[in-house]
Amino acid sequence: MHGLLVIAGVVQLGIVLASMLVPAVLGWREETRRLEPLTRVVFWTYAGYIVATNLALAIASLLLPDSLLASGPLPRAVSGYGALYWGARVTLQFVAYRRYAPQGPFYRLADIAFSAAFAFVALVFAAAAAGLG
């Protein structure tokens, strides 16, 4: 499990780096200009919180895998949160996002890569939360 958590950390860093490209690829600046100022600020604030959460989970996986695997309620809670967080994200990928995603080979490949990454990280965190380590 230690190695899987480190790999999950690398995968999450990849998600963070790739997510930095999403606003440009999907034209978020242009899209959000049409929003009311408060809504626009809230949108970008939420986007920042999501990136920060992804980065925090990546850092925990990379630098503290043994702590995540330790017995006790806090490691289980953090790993359980990671499992729920990434599990919800992969579910949204299938249930909500695909319906509205741009079409084409690049976007299809990105969808597959993101879906696989979200599922892998969710499963690793779920295994850590279950004490399989």
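**Figure 1. The buried residues of helix H4 pack against H1, helix H3 (28–33), helix H5 (65–69), H6 and H7.** Here, packing goes by contact, meaning heavy atoms within 4.5 Å. Helices (H or I, at least four residues) and strands (E, at least two) are DSSP runs, numbered from the N terminus. On the buried list for H4 you'll find Ala-47, Asn-54, Leu-57, Ala-58, Ala-60 and Ser-61. Buried means under 20% relative accessible area, exposed means over 50%, and partly exposed is in between (1.4 Å probe, protein chains only). A quick note before you go on: this is a predicted model, where local features need pLDDT of at least 70 and side-chain atom pairs count only at pLDDT 80 or more, while totals for chains, interfaces and linings use all residues. Residues are numbered from 1 along each chain as its sequence is written, and side-chain values use heavy atoms, leaving out hydrogens and water.

**Figure 2. Helix H4 from end to end.** How far apart are the end C-alpha atoms of H4? They sit 38 Å apart, which agrees with the 39 Å that its 27 residues should span at 1.5 Å a residue. That expected span is 1.5 Å times one less than the number of residues in the helix. Tyr-49 belongs to H4 too, and this residue counts as exposed because its relative accessibility is 59%. From Tyr-49 to Gly-87 the chain runs 38 residues, and their C-alpha atoms are 18 Å apart in space.

**Figure 3. Inside the largest nonpolar core.** This core has 17 residues, and Leu-5, Trp-86 and Phe-125 have the most contacts inside it. At least two core residues come from each of helix H1 (2–19), helix H4 (37–63), helix H6 (73–100) and helix H7 (105–129). H7 gives the largest share, 7 residues. To count as a nonpolar core, a set must be buried Ala, Val, Leu, Ile, Met, Phe, Trp, Tyr and Cys residues joined through side-chain atoms within 4.5 Å. In soluble globular proteins, nonpolar side chains tend to be buried together. Now zoom in on Leu-5: not counting residues up to four places away in sequence, Leu-5 touches Ser-61, Pro-65, Leu-68, Leu-69, Val-124, Phe-125 and Ala-128.

**Figure 4. A nonpolar patch on the surface.** Leu-13, Leu-55, Ile-59, Leu-63 and Leu-64 make a patch of about 430 Å². Which helix gives the largest share of the nonpolar patch? It's H4, with 3 residues. Patch residues have over 30% relative accessible area and no salt bridge (a side-chain nitrogen of Lys or Arg within 4 Å of a carboxyl oxygen of Asp or Glu). Like charges are joined within 9 Å, and nonpolar side chains (Val, Leu, Ile, Met, Phe, Trp, Tyr) within 5 Å. Accessible areas come from the Shrake-Rupley method with a 1.4 Å probe; for residues, only the protein chains shown count as cover. Leu-55 lies in helix H4 and is partly exposed, with a relative accessible area of 34%.

**Figure 5. Two spots on helix H7.** Ile-112 is in H7 and counts as partly exposed, at 44% relative accessibility. Between the C-alpha atoms of Ile-112 and Tyr-97 there are 12 Å, with their positions 15 residues apart along the chain. Ala-129 is also found in H7. Its C-alpha atom is 8.2 Å from that of Leu-68, though the two residues are 61 residues apart along the chain. Neighbours within four places aside, Ala-129 is in contact with Arg-76, Ser-79 and Gly-80.
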